[in-house]
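Thanks for coming, everyone. Today is a quick tour of empty space in one protein model. Here it is.

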Amino acid sequence: MASWYINRTFFFDVHPPLGKMLIALSGKLTGYDGTFPFEKPGDKYEGAKYEGMRIFCTTLGALIIPLTFLSMWEMTKSLDASFLGTLLLLCDVGFLTLNRYILLDPILLFFMSCSIYGACKVHSHTTAGSLPFSPRMLLWQIFLGSSLACTMSVKFVGLFMVLFVGLRTIADLWHVLGDLSKPVSLTVKHLIGRSITLILWPILLYVFFFWIHLTVLNTSGNGDGFYSSGFQAVLRGNSLHAAAAPRQLAYGAILTLKNHRTGGGYLHSHHHLYPAGVGARQQQITTYTHKDDNNRWLVKPYDKEAVEGVVVVRSGDLVRLTHVATGRNLHSHRERAPLTTKYMQVTGYGEEGIGDANDVWKVVVSGGADGDEILTVRSKLMFVHYLQSCALTTTGKQLPKWGFEQQEVACNHNLRDKNALWNVEDNIFDQLPKMNFSVYASGFLERLIESHAVMLQGNAGLKPKEGEVTSQPWQWPINYRGQFFSGSAHRIYLLGNPVVWWANLAFLGIFCVVFVTNSIREKRASAFGVPAPNNQCKLLVSARWQCCCWLLHYVPFWAMGRVLYFHHYFPALVFSSMLTGTLTIYLLESIRSYLSPELGRTLYHCIMGLIISSTVYSFYLFSPLAYGMSGPMSHEPNSTMTGLKWLESWEF
C-alpha cells in the first residue's frame, strides 16, 4: 500500500495510516517508484527497489529487543530477569520471521515497545517523587503520549496499549493520593499534566497523521466507492471532482444511487440471474462499492415511458427505475431475499423497461414532505415498494460467488430501516442547468469521522479470502498452526519457537498459582514467618502488570467476529515472554532463599545455564523456518525437517 501513497492514489484499508505512510516514506527516500503491487509475501520483486522499505521495517523490529530489555529493567531492576525475558523474545523464530518482511507488524510492535518503556519511565519518576511539571517528567510523558498516538495510528489494536497506560496511570495517581505526607494538590497537578500529555497531545498527533493521510491521497482510486459522495468530491480524477450536475432530479435522467450506510455501495445489476432455489430466477440486484456502468439507472414515471419537457421528480412520486445496461426494471415481490430471509427479494424484471405493477416504487425524501424536490447528493431518499409497502435496503451481507461477493439488496417492511436511505450521486440530464459538485465536498473533520466509520465497519466485517489460512485465538498460545510466507522452493513458515511458546504458556499457569499463593501469604504473613524480600515483591508486582498486559492484548480477540490470523498474537507474545523471564527469576530467588548460600548460588546458575542453552539451541533447530527451507517437506522422505514436526498441524 506504500505504492498508493507514492502515487498519491486514494485507497480503502481497515487500518489507520501511519505505518503505511512510514513504509512509503522509506521507499520514496530509497528510490522505490511505487509500481510493484505487493500482493502477498514471497512475491518476486523483479527489479523493484524494495530494500529501503525492508531495512526500515527490520530496523524497527530489531529495536524492539533493546526496548524490551530496558522496559524489563525499569519494571524489575533485575538484570537476570531483563536478560532472560529479552532472550526468549530474541530467540523466537516467529518474531524474527515477522520482522524480516515489509509489514505493519514490526512498526506496531516497535511503537508498542516504546509505549511500554515510556509508561515504565513515567512510573519510575512518579515513584521517585518527581514533580508533575518538571522537565524530565514532562519529557517522558510527551514521549509516552507520542508513542501511544503512533501505536494507535498503525493499527486499532493499539487501543489495548492505551488501556494499559490508563490503568498504570490510575494506579500511579492512586499511590500519590494515598501518600498522606503530600498535599492533594500534588495529585491534581499530576492529573492535569497527564491529561494534557497522555490524552490531549496523543489525540492532536493522531488527527495530524490523518490530516497528512487525507492530504497526500488526493487522487481517485479503487476505494472511492466505500465513501460518501461528499468525500469523493474532494478526490482528483473522481467523477464528482470539479464536475457539474443538475441540482434537481428530473424524469428521464440517468442516475446512480449510493446507499447511505457507512461504506455503502451503489445500487447495481448485471445480466446474471439468481440461481435456482434462491427466490425467483430473475436478474440479480446488488450493491457494489466500485464505480461501474452497471450502476446506472433511468428514472421514469410509473405509468409512461417518457414525459414531455422537463418534469422534476418530487417526494411522494411513483416511479420506475430501469437498469440502463440491461433494460430490466427494479422489482420486488413476495419471494424471500437470498440471505436475509425475513426480507423480500429484489430483482430486475421486464424487457426494455416494460414490466408489471411490482416495478412501481414511491420515492420519499427522509425528513421532508410530499412535493419536495429531489436534490442531487443532498436528499436522503427512501424507495418504498408501492404494492408490498417495503423499503429498498441493503443488508451489508456478502453474497456467495454466484453473486460475485457483492452485497445483498432486499426489501424491508420496517420503513425505519437506517440502511434504506440512498442519495443520487451521478445525475445525467442535459436539459437542466448544472451546479458544481465542489459545493457538496466534505470538510476535513467530516472526512476524518467518515474514514473511521468506514474503517471500523470494514474491520468488523473482514472475511477470509479463498485459500487463506486463518486461525482462532485458542490456537495461538499453543502454537497450533503457522502460516506460509513463501511457498516457493525457498520456503518461509511463520511459526513460533515451540520451546519459548510452550514455556510461556506454562508460566502463565504457574503465575496464577503463585499469585493466589502469594495473596494468601500476604494475608497470613504471621503464619508464614519473615515477609518476602523487597526485590521479590518488585518482581511479583512486575509480573502482575505483565500478565495484565498479556490479558489486554489477547482476551479481546475472543469477542471479535472478524477473521483472525496467527500474527495477531505477537503483541501478547512480548508480554508473555517478559512474564516468563520475571517469574523464572522470582521462583529461582525463592528457592535460593531456602538453601545455603553456596548451594543456592550453584543451583541458580545451573538452572539459568540450562534455560539459556535450551532457548538458544531451540532457536538454532527451528531457524530454517525463518531463514528459509529447501528440499522435501517434513512429511516427505529424506526431509531434514522431519524430526522438528512436533505437531501434526504444522505444515512445513
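**Pockets and cavities**

Let's start with the second largest pocket. Its lining residues divide into eight nonpolar, 10 polar and six charged. Keep in mind that this is a predicted model.

How much space lies in the second largest pocket? About 560 Å³. The lining is made up of 24 residues. Nearest the centre are Ser228, Gly230, His260, Ser442 and Glu450.

Which elements build that lining? Three of them supply at least two residues each: helix H10 (229-232), strand S2 (254-259) and helix H11 (444-460). H11 gives the most, with four residues.

Now to the enclosed spaces. The count comes to eight cavities of 30 Å³ or more. The largest cavity has a volume of about 90 Å³. It is lined by 13 residues, and Asp13, His15, His213, Tyr227 and Met455 are the closest to its centre. H11 turns up here too: helix H9 (184-216) and H11 each supply at least two residues of this lining. By class, the largest cavity's lining has eight nonpolar residues, three polar and two charged.

On to the second largest cavity. The space in there is about 60 Å³. Which residues line it? Take them in sequence order: Asp105, Leu108, Lys155, Val157, Phe160, His553, Phe557, His567, His568 and Pro571. Five of these lining residues are nonpolar, three are polar and two are charged.

One element to take away is H11. It lines the second largest pocket with four residues, and it supplies at least two to the lining of the largest cavity. Thanks for listening.

How values were computed
Residues are numbered from 1 along each chain as its sequence is written. This is a predicted model: local features need pLDDT of at least 70, side-chain atom pairs count only at pLDDT 80 or more; totals for chains, interfaces and linings use all residues. Side-chain values use heavy atoms; hydrogens and water are left out. On a 1 Å grid over the protein atoms alone, a cavity is a set of points where a 1.4 Å probe fits but cannot get out, and a pocket is an open set with protein on both sides within 12 Å along at least five of seven lines; lining residues have an atom within 4 Å of a point. Grid points are joined across faces, edges and corners, and a volume is the space filled by probe spheres set on the points. Ala, Val, Leu, Ile, Met, Phe, Trp, Tyr, Cys and Pro count as nonpolar, Asp, Glu, Lys and Arg as charged, and the others, Gly among them, as polar.
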